[in-house]
Amino acid sequence: MVMELISFQKLFQMTKVINSQFEMSEILQVFVDAIAGEITQADLVGFFLKQPDGTFQGYKGNKLPVDITELLIDPREDEFVRDILRNQASDYISDTSIDLRLDQSKRQLLKIKSILGIPVIVENDVFGLVFVHDFGKPMNITQEQMEVTEAFVNMASVAIRNIRMFEQRQLLMEKQQLLLDATKALSESLSVKDVLNTFFHYMRKASGSKDIGIHLYNEKEHTIEPYQLSSENVTVDEWKVKHREVKLTIENDRLLYEVITQKKSAAIEDVYADPRPNHKAFVSFDIRSIMVFPLVAKGSVYGVVAIPSIGKPRKYEASILEFCQSISDATATALSNAQHTETLDHSVNERSIELQHANFKLEGLVRELEHLNELKSDFIATLSHELRTPITAVKGSVDILSKGILGGLNDSQKDLLDIASKSIERLLDQVNELLDFAKMENGKFELVYTEADFKEIIKESVHIVQSLINKKKLILVVESDAETDTIVSVDKQRILQILLNLLSNAIKFTPPMGVITIKTIFEETVLTVEVHDSGIGIPYEKQKNIFTKFYQANNQINGTGLGLAISKQLIELHGGRIWFESTEGQGSVFKFTLPKGRG
Ligand code: ADP
């Protein structure tokens with residue numbers, strides 16, 4: 001009865017402890033102490049933790065004469081332990097000199113006469129073993145003590161399971177946070193260098209490995225080439241040299257072939273037991289285990305991440321694989337985007353340099369052409385100037401002859417001289433046009449402004465062309481609307497030249513009996529002049545070239561094709577504008593404006 005009370009109190013205390021403690025080693029210590037306190041005749045209580053290789057490592061003890069962490073139990077050498085593990089139930093040896101199942105070396109070391117062994121089972125798996133034993137004299141424990149001890153062990157199991165769950169949750173949360181941080185950092189990494197640094201940083205954390213290599217897959221050659229490495233074991237250069245020696249391809253490494261073609265990661269704990277990887281390559285790198293992840297962008301694999309375990313084998317938990325895979329996936333797109341941007345920047349730079357070179361050449365060419373053009377205009381200017389003097393002299397002589405000053409002329413002589421005189425005049429006009437053109441081209445052309453009555457200029461032009469009008473039996477109409485002042489500030493000779501040019505074109509391209517109208521509209525600051533004709537008009541497709549120098553729309557013999565080009569320049573020099581409307585077969589109208597003051 002008393003015994004029971006004590007036990008319940010202890011159980012209650014322990015419940016409190018295990019609910020307030022989350023540290024595995026502390027709970028196990030409380031638990032070991034509680035058992036030791038319960039079974040007073042037991043000198044020693046020890047808790048052994050199961051190891052991945054199936055042995056049990058001493059972890060927490062009570063009053064042991066040796067350091068428990070130095071004790072290791074191997075079930076292969078201990079039948080007693082094997083029985084406990086097989087039955088997953090506690091077992092008791094009351095006299096170790098009769099029941100010989102216990103590992104004899106342990107028995108001697110710890111002077112064990114009697115021993116109770118209890119498995120700690122967590123989630124259907126043996127998590128550890130508790131041993132309660134004496135030191136030199138048998139314990140003779142009661143059934144009741146055994147039950148209480150088992151109850152403690154069960155409580156400990158529950159506590160351990162809770163801690164594990166807590167730890168797992170904690171770990172999961174940490175992983176999620178890490179993944180979140182990694183994704184954020186990757187999205188902020190713009191250059192290839194930044195992406196790689198971020199990747200290596202997070203991948204080292206996720207994989208727990210310091211050796212991480214990124215390889216690029218050459219789809220054409222089927223080769224897997226080293227790209228970037230993070231390692232404390234080898235330098236990047238050594239790594240690349242070794243790669244060059246082994247020359248990995250998807251043909252000589254079936255593991256890479258599978259990862260690349262199936263776009264699936266792989267983990268191999270013992271690479272030499274697996275026929276797929278290239279063993280020669282693994283020997284040269286001293287790789288024992290490996291994880292490989294594909295780098296996928298836009299649906300295809302462009303590389304692989306390899307995380308090897310060098311020098312010693314490694315076991316891979318599914319959660320690690322999943323975690324590393326997530327980091328790889330997040331990196332794949334970021335890396336491919338950064339690479340793409342950098343190649344793009346690079347080629348844009350290259351193109352800009354090419355363009356600069358081309359521009360430079362072009363500038364040289366333009367300068368050369370400008371120079372040639374100047375030479376040409378100078379040549380035309382000199383030539384036309386030189387031609388003008390003899391032509392004027394010939395014209396003078398012809399005029400003298402035709403006036404009969406040097407003697408009477410018969411009719412046929414008169415006719416011949418008349419023809420000669422007209423030809424000379426036309427020639428002079430054309431030479432003058434050429435001279436104007438050359439001057440304009442060279443920028444040596446200057447206007448001489450004077451105040452003039454525009455109506456007078458019209459009159460003068462009409463007077464000059466009147467004989468041609470009459471000869472061709474054309475009708476010339478002058479319409480002038482002069483509500484305001486008709487005085488303008490212009491280069492009178494040049495304006496007369498423009499008017500004569502437009503009128504002579506109108507006369508030239510209008511058949512006999514046609515009508516030519518000059519309209520002048522005077523406004524406050526500007527005047528508009530229109531020369532209408534009822535002539536042949538200009539075909540629509542030729543209209544765009546009319547103001548181009550040397551252009552002739554109708555292949556006529558007379559003229560240079562310079563008249564309109566020169567007129568346009570003259571008008572623009574005055575600050576005005578010239579344009580036309582024309583319908584083939586119906587006639588044309590040329591219009592220009594002039595500011596009344598100086599342009
Ligand atoms: P051109 O000295 O040959 O007349 P222009 O520069 O004065 O040179 O005119 C260019 C061309 O525009 C002419 O050859 C002619 O084909 C066309 N053109 C000019 N004015 C008229 C018009 N009033 N009617 C029809 N065609 C015209």
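**Group meeting talk: a ligand and the cores of a predicted model**

Let me begin at the ligand, where a polar side-chain atom of Lys508 lies 3.3 Å from one of the ligand's oxygen atoms, which fits the definition of a polar contact as a pair of N or O atoms within 3.5 Å. Before I go on, please keep in mind that this is a predicted model, in which local features need pLDDT of at least 70 and side-chain atom pairs count only at pLDDT 80 or more, while totals for chains, interfaces and linings use all residues. Residues are numbered from 1 along each chain as its sequence is written, and side-chain values use heavy atoms, with hydrogens and water left out.

Staying with the ligand, a polar side-chain atom of Asn505 is 2.9 Å from a ligand oxygen, and a polar backbone atom of Leu564 is 2.7 Å from a ligand oxygen. The ligand taken alone exposes 530 Å², of which the protein buries 98%, with areas computed by the Shrake-Rupley method and a 1.4 Å probe.

Which residues are closest to the ligand? They are Asn505, Gln552, Ala553, Asn554 and Leu564, out of 21 that surround the ligand, where a residue counts if one of its heavy atoms lies within 4 Å. Helix H13 gives the most to this shell, with three residues; helices here are DSSP runs of H or I with at least four residues, and strands are runs of E with at least two, numbered from the N terminus.

Helix H13, residues 492–508, also supplies eight residues to the largest nonpolar core, which is the largest share of that core. This core has 46 residues, and Phe454, Ile457, Ile516, Phe590 and Phe592 have the most contacts inside it. By a nonpolar core I mean a set of buried Ala, Val, Leu, Ile, Met, Phe, Trp, Tyr and Cys residues joined through side-chain atoms within 4.5 Å, and buried means under 20% relative accessible area, with a 1.4 Å probe and protein chains only. Leaving aside neighbours within four places in sequence, Phe454 is in contact (heavy atoms within 4.5 Å) with residues including Ile495, Leu499 and Phe522. Apart from this core lies another, of 30 residues, among them Phe199, Phe200, Met291 and Phe323.

Finally, is Ile84 buried or exposed? Ile84 counts as buried because its relative accessibility is 0%, and Ile84 lies in helix H3, residues 79–87. Not counting residues up to four places away in sequence, Ile84 touches Ala89, Asp91, Gly117, Pro119, Leu129 and Phe131.

How values were computed
Buried means under 20% relative accessible area, exposed over 50%, partly exposed in between (1.4 Å probe, protein chains only). A polar contact is a pair of N or O atoms within 3.5 Å; within protein, one must be able to donate a hydrogen and the other to accept it, and residues adjacent in sequence count only if both atoms are side-chain atoms.
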